[in-house]
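Q: Could you pick one strand in here and take me through it slowly, along with whatever sits around it? I'd like to see how the pieces connect.

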Amino acid sequence: MTHQVQIDHLIVGSDAPVVVQSMTNTDTADAEATARQVKDLSDAGSEMVRITVNTPEAAAKVAEIRSRLDDMGYTTPLIGDFHFNGERLLAEVPECGKALSKYRINPGNVGKGAKGDEKFAFMIRTAAENNKTIRIGVNWGSLDQSLAKRMM
């Protein structure tokens with residue numbers, strides 16, 4: 001069994017019911033379009049929605065997206081999908097980290113070696129300070145290719 005965690009009003013993991021998560025395909029910097037798509041996904045049954053947080057412009061709009069959803073009566077948790085610069089975006093736009101319900105971090109996209117470890121640690125500390133859940137998402141494309149070749 002997996003460890004159970006609470007993401008806003010939802011319980012996930014272990015023996016909790018399966019939760020449906022979707023992801024927007026809007027430019028997160030377009031707060032109106034992204035909030036509208038989160039609403040539409042929620043109406044279609046998505047219980048959590050992942051949004052890309054990959055630019056300063058996108059990070060700057062996360063709190064507005066959350067506010068727009070709240071104003072419409074939607075409590076759908078927003079999951080921030082961070083890529084290569086998540087530590088910088090969280091440092092520069094702290095309200096982004098506070099407005100998200102969960103962070104998705106792909107370690108392979110954070111960087112390698114000591115510098116990557118520092119970036120990853122910063123994101124973990126920021127999540128802890130904001131009392132946010134983290135999903136460490138790893139896929140084939142994000143693996144250290146030398147390690148993958150050795151393991152295969």
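A: Let's begin with a term we'll need: a crossover counts as right-handed if, when the strands point away from you, the path from the first strand over the helix to the second runs clockwise. Keep in mind that this is a predicted model.

Now to our strand, β6, which covers residues 102-105. Together with α5 and β7, β6 makes a right-handed β-α-β unit. So, following the definition, if you look with the strands pointing away from you, the path from β6 over α5 to β7 goes clockwise.

What are the neighbours of β6? On one hand there's β5, which runs parallel to β6 and is joined to it by four bridges. One pair to look for is Gly-80, whose bridge partner in β6 is Tyr-103. On the other hand there's β7, and here too the pairing with β6 is parallel, over four bridges. To spot that pairing, find Lys-102, which stands opposite Thr-133 in β7.

Next, look at the faces of β6. Lys-102 and Arg-104 are on one side, Tyr-103 and Ile-105 are on the other, and all of them are buried, so both faces are covered.

Stay with Tyr-103 for a moment. Its side chain makes a polar contact with the side chain of Asn-130, at 3.1 Å. Asn-130 is found in the loop between α5 (113-129) and β7 (133-136), so it belongs to the stretch that links the helix of our unit to its second strand. Why does Asn-130 count as buried? Its relative accessibility is 19%, and the cut-off for buried is under 20%. Leaving out residues up to four places away in sequence, Asn-130 touches Gly-97, Lys-98 and Tyr-103.

Finally, go back to β5, the other partner of β6. β5 (78-82) is also among the elements that cover the buried residues of helix α1, and so are β4 (48-53) and α2 (56-71). Those buried residues of α1 are Ala-31, Ala-33, Thr-34, Ala-35, Val-38 and Ser-42. As a rule, an α-helix has 3.6 residues a turn, so residues three or four places apart point the same way. α1 itself has 13 residues (31-43) and reaches 18 Å from its first C-alpha to its last, close to the 18 Å expected. After α1 comes Gly-45, with a positive phi near 115°.

Methods
Residues are numbered from 1 along each chain as its sequence is written. This is a predicted model: local features need pLDDT of at least 70, side-chain atom pairs count only at pLDDT 80 or more; totals for chains, interfaces and linings use all residues. Side-chain values use heavy atoms; hydrogens and water are left out. Helices (H or I, at least four residues) and strands (E, at least two) are DSSP runs, numbered from the N terminus. The expected span of a helix is 1.5 Å times one less than its number of residues. Buried means under 20% relative accessible area, exposed over 50%, partly exposed in between (1.4 Å probe, protein chains only). Contact means heavy atoms within 4.5 Å. A polar contact is a pair of N or O atoms within 3.5 Å; within protein, one must be able to donate a hydrogen and the other to accept it, and residues adjacent in sequence count only if both atoms are side-chain atoms. Two strands pair if DSSP finds at least two bridges between them.
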